[in-house]
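User: I would like to learn how to read a few features of this model. Please give the general idea each time, then the case at hand.

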Amino acid sequence: GLYRLPSPSSFKLSFGKLRPFPRGGDERIMVVSDLDGTMFGDVNAPDAFDSSARFQAYWESNQALAGSLLVYNTGRSLGQFTGLLKNCGGRVAVPDVL
């Protein structure tokens, strides 16, 4: 549907409703992180992506909307990284830069 902003400000669309987003005016940040042992643990463990899923929820609901950048600094090849994204069940934040 159509959404109408009540006033000039920062808003985010969450669960089909526009909600005020006061962080939209915050300064942007850049987070640079390794993957293995940092964003997630042993990829074969059942809880390997639990913490990355929590980070993803925070990042996509806050910092990404404020215009911040997420960078993964990894020794993995692009093919290995895209394979990891497919196997993690959508529980890893997609970076702006790899």
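User: How much surface does the chain expose, and what share do carbon and sulfur atoms supply?

Analyst: Accessible areas come from the Shrake-Rupley method with a 1.4 Å probe; for residues, only the protein chains shown count as cover. Here the chain exposes about 6500 Å². Carbon and sulfur atoms supply 53% of that area. This is a predicted model: local features need pLDDT of at least 70, side-chain atom pairs count only at pLDDT 80 or more, and totals for chains, interfaces and linings use all residues. Residues are numbered from 1 along each chain as its sequence is written, and side-chain values use heavy atoms, with hydrogens and water left out.

User: What pattern do the helices and strands follow along the sequence?

Analyst: Helices (H or I, at least four residues) and strands (E, at least two) are DSSP runs, numbered from the N terminus. This chain has two helices and four strands. Their order is β-β-β-α-β-α. The radius of gyration is 16 Å, well over the 13 Å from the globule rule for 98 residues, so the chain is more spread out than a compact globule. That radius is taken over C-alpha atoms; the rule is 2.2 Å times the number of residues to the power 0.38.

User: Is Ser33 buried or exposed?

Analyst: Buried means under 20% relative accessible area, exposed over 50%, partly exposed in between (1.4 Å probe, protein chains only). Ser33 is buried, at 9%. Ser33 sits in strand E3, residues 30-33. Across the chain, 28% of the 98 residues count as buried.

User: Which residues does Ser33 touch?

Analyst: Contact means heavy atoms within 4.5 Å. Leaving out residues up to four places away in sequence, Ser33 touches Thr38, Met39, Val71, Tyr72 and Asn73.
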